[in-house]
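Welcome! Please take a look at the sequence and the 3D structure below, and then we will walk through them together.

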Amino acid sequence: MKIIAIGLALACFTMLGQAQAQGQGQVPVKILSDQMDYVQENNTVIFRGNVHVDREDFQIWSDKLTVFMESSGEQGQMSMGPDGSQDIEKLLAEGSVRIERDKQVGTSEKATYWTKRGVVVMEGNPVLKDGESSISGKVITYHLEDNRGVVEGGESQRVQAIFMAPPAP
């Protein structure tokens, strides 16, 4: 059914940290932006202005992308993996977020991917589309390991799902 395919649009957001977390082979990830800042006190790398993440299997656009590195607990030092790589705690895309993979598109004002928990949270008018079908709500949370999603509504923004079905005979 289309609802499962819509969930796959969220999965593309996880690919930035997935190879590191699962020890898989790596593929090139190109991040373009107008500016990049590294903030040692926060263990963050911040990309600002026309951010475009380009990978062979998906793309992300946003106004800002913050990569939060895990801290080892020793005076804010970054945690390093066994191969010397830096562990990513979470990725936060903000402002006009668009995620594309194949024909699937997710949009929101904010999308957070928690790498260790395998959870993506989209907020700020989140909408997931797969062709003509779509689902929206106040908050969309997708649990990658369980392959399940939760769409929350509220008084001001109820959950809305539109599925394209063949006409009745």
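## A polar contact at Q59

The side chains of Q59 and H52 are joined by a polar contact of 2.5 Å. This is a predicted model, so the distance is computed from predicted coordinates.

Q59 is found in strand β4. Is Q59 buried, partly exposed or exposed? It counts as partly exposed, because its relative accessibility is 26%, and a residue must be under 20% to be called buried. Setting aside neighbours within four places in sequence, Q59 is in contact with H52, V53, D54, R98, I99 and E100. Take E100 from that list: it lies 41 residues from Q59 in sequence, yet the two C-alpha atoms are 5.4 Å apart in space.

## The chain as a whole

Let us step back from Q59 to the whole chain. How many helices and strands does the protein chain have? There is one helix, and there are twelve strands. If you read along the sequence, the helix comes before the strands, giving the pattern α-β-β-β-β-β-β-β-β-β-β-β-β.

The protein chain has 169 residues, and 40% of them count as buried. Its accessible surface comes to about 9800 Å², with 48% belonging to carbon and sulfur atoms. Now consider contacts between residues at least 6 apart in sequence: 42% of these join residues at least 24 apart.

## The nonpolar core

In soluble globular proteins, nonpolar side chains tend to be buried together. Here, the largest nonpolar core has 21 residues, and the members that touch the most others are F47, L65, V67 and M122. Two or more residues of this core come from each of the elements β3 (44-55), β4 (58-69), β5 (88-101), β6 and β7 (119-123).

Which residues does V67 contact, if we leave aside its neighbours within four places in sequence? They are N43, T44, V45, F47, I88, K90 and L91.

## Strand β8 and its partners

Strand β8 (residues 127-130) shows a neat alternation of side chains. L128 and D130 point to one face and are buried, whereas V127 and K129 point to the other and are not.

Next, the pairing. β8 pairs with strand β6 (residues 104-114) in the antiparallel sense over four bridges, and V127 in β8 is the bridge partner of T107. With strand β9 (residues 133-136), β8 also pairs in the antiparallel sense over four bridges; here D130 stands opposite S133. The hairpin of β8 and β9 has two residues between the strands, and in this hairpin G131 takes a positive phi near 65°.

## A buried threonine

Find T141 in strand β10 (residues 139-143). T141 counts as buried because its relative accessibility is 12%. Not counting residues up to four places away in sequence, T141 touches V119, V120, V121, R148, G149, V150 and E152.

## How far to trust the model

The mean pLDDT of the protein chain is 78, and 75% of its residues reach 70 or more. Where does pLDDT stay under 50? One such stretch is residues 1-23, for which the model has 60 contacts beyond four places in sequence. Residues 76-84 also have a pLDDT below 50, and this stretch has 25 contacts in the model beyond near neighbours in sequence. Where pLDDT is low, the predicted coordinates should not be read in detail.

Methods: Residues are numbered from 1 along each chain as its sequence is written. This is a predicted model: local features need pLDDT of at least 70, side-chain atom pairs count only at pLDDT 80 or more; totals for chains, interfaces and linings use all residues. Side-chain values use heavy atoms; hydrogens and water are left out. Buried means under 20% relative accessible area, exposed over 50%, partly exposed in between (1.4 Å probe, protein chains only). Two strands pair if DSSP finds at least two bridges between them. A nonpolar core is a set of buried Ala, Val, Leu, Ile, Met, Phe, Trp, Tyr and Cys residues joined through side-chain atoms within 4.5 Å. Contact means heavy atoms within 4.5 Å. Accessible areas come from the Shrake-Rupley method with a 1.4 Å probe; for residues, only the protein chains shown count as cover. A polar contact is a pair of N or O atoms within 3.5 Å; within protein, one must be able to donate a hydrogen and the other to accept it, and residues adjacent in sequence count only if both atoms are side-chain atoms. pLDDT is the predictor's confidence in each residue, from 0 to 100.
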